[in-house]
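Please look through the sequence and the structure below, and then follow the report section by section.

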Amino acid sequence: MTSTASSSSLPQTVELSPSYRLPIALGLLAIPLAWGQLWVGLAIALFGLFLLVQAATIRLRFTATALDVCRGETPIRHFPYQDWQNWRIFWTPIPILFYFKEVKSIHFLPVLFDPKMLQNCLEVRVPLSSEMTDPQSPS
């Protein structure tokens with residue numbers, strides 16, 4: 001994690017550390033699958049390898065105003081917090097998928113980052129309002 005101090009109590013920019021748990025788990029799962037179904041095991045192994053490369057190259061940066069997705073040092077997507085409507089990290093015991101909804105679109109990202117730091121950054125920078133957590137509330 002890289003952080004830059006600001007005049008407020010929040011660090012101005014927080015970069016999440018990569019987590020290789022999901023790609024490694026998929027690689028390990030592929031081994032027994034390959035014994036029974038070679039093509040299924042191979043497909044899972046290739047997907048795990050793809051996620052491993054993504055974890056090594058993609059970074060999430062929480063800035064003061066937006067979530068930036070970067071490849072190395074190059075920003076490739078910018079998501080201003082003011083456009084966010086909802087977010088959730090799926091399967092809390094073993095977080096594997098991060099979802100967030102903006103005004104115009106929804107996004108799903110595999111959890112290739114430190115899940116605790118991701119949760120903390122989301123709670124601080126995009127706190128869930130009661131409208132976000134109550135699925136029955138009108139939007």
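## A hairpin with a short turn

In the hairpin of E4 and E5, two residues lie between the strands, and Gly72 takes a positive phi near 65° there. This value, like every other one in the report, comes from a predicted model. Strand E4 covers residues 66-71 and strand E5 covers residues 74-80, and the two pair in the antiparallel sense over six bridges. One of the pairs can be found by starting at Arg71, whose bridge partner in E5 is Thr74. Strands of a sheet pair through backbone hydrogen bonds, either parallel or antiparallel.

The loop between E4 and E5 also holds Glu73, a residue that counts as exposed because its relative accessible area is 66%, where over 50% is required. Glu73 returns below, in the section on charged side chains.

## The protein as a whole

Counted over the protein, the secondary structure comes to four helices and eight strands. Read from the N terminus on, these elements follow the order β-β-α-α-β-β-β-β-β-β-α-α.

Of the 139 residues in the protein, 32% are buried. The accessible surface comes to about 8900 Å², and carbon and sulfur atoms account for 63% of that area. If one takes the contacts between residues at least 6 apart in sequence, 43% of them join residues that are at least 24 apart.

## A sheet of three strands

Three strands form an open sheet with antiparallel pairing, and their order in the sheet is E6-E7-E8. Strand E6 (84-90) and E8 are the edge strands, each of which pairs on one side only, and from one strand to the next the twist averages 15°. E6 and E7 pair in the antiparallel sense over six bridges, and within this part of the sheet Arg88 stands opposite Tyr99 in E7.

On the other side of the pairing pattern, strand E7 (residues 97-102) and strand E8 (residues 106-110) pair in the antiparallel sense over five bridges. Here Phe98 has Leu109 in E8 as its bridge partner, and the two strands form a hairpin with three residues between them. A helix belongs to this picture as well: helix H3 (residues 115-125) lies across E6 and E7, and it runs at about 155° to E6.

## Charged side chains that share partners

Side chains of opposite charge can pair when their charged atoms come close. In this model the count comes to three salt bridges. In one of them the side chains of Arg59 and Glu15 meet, with a distance of 3.8 Å from N to O. This pair links distant parts of the chain, since Arg59 is in strand E3 (residues 58-62) and Glu15 is in strand E2 (residues 13-15), 44 residues apart. Are these two residues buried or exposed? Arg59 counts as buried because its relative accessibility is 14%, which falls under the limit of 20%, and Glu15 counts as buried because its relative accessibility is 15%, again under 20%.

Glu15 has a further partner in Arg61, and in that salt bridge the closest N and O atoms are 2.6 Å apart. Because Arg61 lies in strand E3 and Glu15 in strand E2, this pair ties together parts that are 46 residues apart in sequence. Arg61 is buried, with a relative accessible area of 13%. Arg61 also forms a salt bridge with Glu73, where the closest N and O atoms are 3.2 Å apart. Since Glu73 is in the loop between E4 and E5 while Arg61 is in strand E3, the pair ties together parts that are 12 residues apart in sequence. Through the partners that these salt bridges share, Glu15, Arg59, Arg61 and Glu73 are joined into one network.

## A nonpolar patch on the surface

Which elements give two or more residues to the nonpolar patch? The patch is formed on the surface by twelve listed side chains' residues, among them Tyr20, Ile24, Trp35, Leu38, Trp39 and Val53, and together the residues of the patch have about 1300 Å² of accessible area. The elements in question are helix H1 (21-36) and helix H2 (38-57), and H2 gives the most, with seven residues.

Leu38, a member of the patch, is found in helix H2. This residue counts as exposed because its relative accessibility is 54%, which is over the limit of 50%.

How values were computed: Residues are numbered from 1 along each chain as its sequence is written. This is a predicted model: local features need pLDDT of at least 70, side-chain atom pairs count only at pLDDT 80 or more; totals for chains, interfaces and linings use all residues. Side-chain values use heavy atoms; hydrogens and water are left out. Patches are made of residues with over 30% relative accessible area and no salt bridge: like charges are joined within 9 Å, nonpolar side chains (Val, Leu, Ile, Met, Phe, Trp, Tyr) within 5 Å. Accessible areas come from the Shrake-Rupley method with a 1.4 Å probe; for residues, only the protein chains shown count as cover. A salt bridge is a side-chain nitrogen of Lys or Arg within 4 Å of a carboxyl oxygen of Asp or Glu. Buried means under 20% relative accessible area, exposed over 50%, partly exposed in between (1.4 Å probe, protein chains only). Two strands pair if DSSP finds at least two bridges between them. Contact means heavy atoms within 4.5 Å. Axes are lines fitted to C-alpha atoms, for helices over the stretch in contact, and angles run from 0 to 180 degrees between N-to-C directions.
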